[in-house]
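Me: I'm new to reading protein structures, and I'd like a close look at a single part of this one. Could you walk me through it slowly?

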Amino acid sequence: MLEVQNLSMRFGGLLAVDQVSLDVQEHEIVSIIGPNGAGKTTVFNCMSGFYKPTSGKILFEGHEVQGKPDFRISRLGMVRTFQHVRLFNRMTVVENLLVAQHRHLNTNLISGLLKTPSYREREQKSLDRASYWLDRVGLLDLANRDAGNLAYGQQRRLEIARCMVTEPKLLMLDEPAAGLNPAETRDLNQLIVSLKEDYNVSVVLIEHDMSLVMDISDRINVINQGRPLASGTPDEIRNNDDVIKAYLGEA
Amino acid sequence: MAAHNLKHALFCAIVTLIVAYPILGFNLVSSGTDIILEGATTQTVISVLLAAVVVFLFQLFRDNIMALLGKAPALNPLANRQPMEQSKRLKLESTILTLIIIGALFWPFFVSRGSVDLATLVLIYIMLALGLNVVVGLAGLLDLGYVAFYAVGAYTFALLSQYYGVSFWFALPIGALLAALFGLVLGFPVLRLRGDYLAIVTLGFGEIIRILLNNMTSLTGGPNGIGGIPDPTLFGMEFGRRVKEEGNTSFHETFGIAYSSEHKIIFLYLIALVLAVFTALVIRRLMRMPVGRAWEALREDEIAARSLGLSRTSVKLSAFTIGAFFAGFAGTVFASKQGFISPESFVFLESAIVLAIVVLGGMGSQLGVILAAIAVTILPELAREFSEYRMLIFGAAMVLMMVWRPQGLMPMRRIHIELEKQE
Ligand SMILES: Nc1ncnc2c1ncn2[C@@H]1O[C@H](COP(=O)(O)OP(=O)(O)OP(=O)(O)O)[C@@H](O)[C@H]1O
Ligand SMILES: [Mg+2]
């Protein structure tokens, strides 16, 4: 469903991403790994429309999306989280999820001002969807708290829930396990797998936690200094000499 | 540290001298056809020097003075109380607002004509400030040219009545919609700018509209303005002594009461009151609708909002347009109240005053905005004797306010949507 072809991104003199290609099929979890500064987040930024790639193509369900505005890409069903959590801190947890559903709500001002039955119905539906996902990520009890007051792990889960209420086809997670304790990481592991199994969402995952990556990925792409280093199944990657060298070299 | 302070204070004092001396220290006196430059009296020169000394001393002990000012809120018993629970606070707020509105309904029948007239002006400012609050307080867009939309509303009514004899009630929605359209058209190119740039460009737009009105003499009468703008009617009843429009009746004859010019003023006041309440209610509702949440989300974290499919341009444009709409509303009422408008009424100062009301009230909070509008409009009237120093007092009050209570009189507490516990 997603195909990235020869993607390059240059910042002034720095070629942060150099000819990276990857593809994601439906019902698949694909990981991108690589040392710090390898260019993983930059690939995400190009895919989600924050950066306009210097060259290369990004095809989502057969349509070219490179260089399209970010909000359009997200409306196509490609939604992302951020390496540094970005919530609407002064809004409540449930409001964070309502903002994400603005497109499912009636945007007609008049019907909203008059509270027509159809508007109420839609509002109720989005509240229901919000509480469903809050329950799903274990935050239902905190629904009316300010998002900024949540613990770090809870914020990460809220960010994923916020993506899910938009009903995406492809979810892009940028280091979702960063800063989580082992128990939380285990929960996250199950959540991501369930997103794929139960909700039929494909996932692109950037992650440094190797056990998580090896555990849930169907395929893995390794990037080093902007260049693709290897790609394959977890087993292939584990035994790939180049990858071992790059990681040992870094360590 | 002390040396640095001394240097800084000296610098400030010298700047004061450089700025003040040429302006105050010399007078241009016309003698016959010539203009002669004269030195000012020694008294003025001494005052200028004194001012420089005051600036010097203030800058020297600035930290101490500011620390003292910072402690002042402790004197205010309300400053440190616990925030109330949302449901309780909302109830209290709506009770207070209802009481204010009921009081405001009956109040004009007991006071002087001048007070009612002033109160109408306050209500117009409340409408303007509530509208600008959407743009600045909720959507976080610094708009310094807000007065342009006020002018559009006022001129729409004035021109429509002059050329087509359109009445107030027809002009009211047209003026508001036209102002909204202006907001949409002007907003489209400028809203991709951020922060300071946006402020400067909107400032420019405000001035352009005023200058256009000034120069399109054949249409708008230029600096002479437009007069004879009709008063609103009540179901076809006019408030003048004699009926002007054919087919209308007059209010005092219909009810068989003596003619009084006060009727008209009270009626205008009541219209302004109803419209101000309408404005407040609509905006309150908008804040709880998806648009309102989108404004806030975009202000909170633009990148996250965009990643969820919110279009920056359309969300900001909606705030800009809705703000302009209410300015158009206020403009129509203003034109009707004054009966005469000219570009003079729509100078930058008006934008600044409305912005000051929003900031003073505590961005985003409606009750705060209402209190601030009352304070900003009425205080200068009470201090008439000081009218020459009005702007000076105004500026000083703003500076003090920013030091003492930067969050405004009543900072906004958000109205949350609560998720009810489901079983
Ligand atoms: N907007 C930008 N302007 C200039 N350089 C940038 C920009 N964004 C990223 N870079 C550079 O591109 C390179 C890749 O950064 P990127 O954030 O993609 O790495 P990463 O693989 O996500 O690393 P990490 O694991 O630390 O998150 C870095 O050298 C970074 O400094
Ligand atoms: Mg990164």
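Reply: Happy to! Let's begin with the chain as a whole and then zoom in. Of the 423 residues in chain B, 45% count as buried. Please keep in mind that this is a predicted model.

Chain B contains 17 helices and 4 strands. Among its contacts with a separation of 6 or more, 75% join residues that lie 24 or more positions apart. As for the outside, chain B exposes about 22,100 Å², and carbon and sulfur atoms supply 68% of that area.

Now for the close look: B:Glu350. You can find B:Glu350 in helix H15 of chain B, which covers residues 348–361. Is B:Glu350 buried or exposed? Its relative accessibility is 16%, and buried means under 20%, so B:Glu350 counts as buried.

What does B:Glu350 touch, once residues up to four places away in sequence are set aside? The partners are B:Tyr125, B:Val147, B:Tyr150 and B:Ser345.

For contrast, try a residue in chain A. A:Arg103 sits in the loop that runs between helix H3 (93–100) and helix H4 (109–114) of chain A. With 33% relative accessibility, A:Arg103 counts as partly exposed, because that category lies between the 20% limit for buried and the 50% limit for exposed. A:Arg103 also has company on the surface: together with A:Lys68, A:Arg72 and A:Arg75, A:Arg103 forms a patch of positive charge there.

So, to recap the pair: B:Glu350 is a buried helix residue, while A:Arg103 is a partly exposed loop residue.

How values were computed:
Residues are numbered from 1 along each chain as its sequence is written. Chains are lettered from A and ligands numbered from 1 in the order in which they are written. This is a predicted model: local features need pLDDT of at least 70, side-chain atom pairs count only at pLDDT 80 or more; totals for chains, interfaces and linings use all residues. Side-chain values use heavy atoms; hydrogens and water are left out. Patches are made of residues with over 30% relative accessible area and no salt bridge: like charges are joined within 9 Å, nonpolar side chains (Val, Leu, Ile, Met, Phe, Trp, Tyr) within 5 Å. Accessible areas come from the Shrake-Rupley method with a 1.4 Å probe; for residues, only the protein chains shown count as cover. A salt bridge is a side-chain nitrogen of Lys or Arg within 4 Å of a carboxyl oxygen of Asp or Glu. Lys and Arg count as positive and Asp and Glu as negative; His and the chain ends are not counted. The place of a charge is taken as NZ of Lys, CZ of Arg, CG of Asp or CD of Glu. Helices (H or I, at least four residues) and strands (E, at least two) are DSSP runs, numbered from the N terminus. Buried means under 20% relative accessible area, exposed over 50%, partly exposed in between (1.4 Å probe, protein chains only). Contact means heavy atoms within 4.5 Å.
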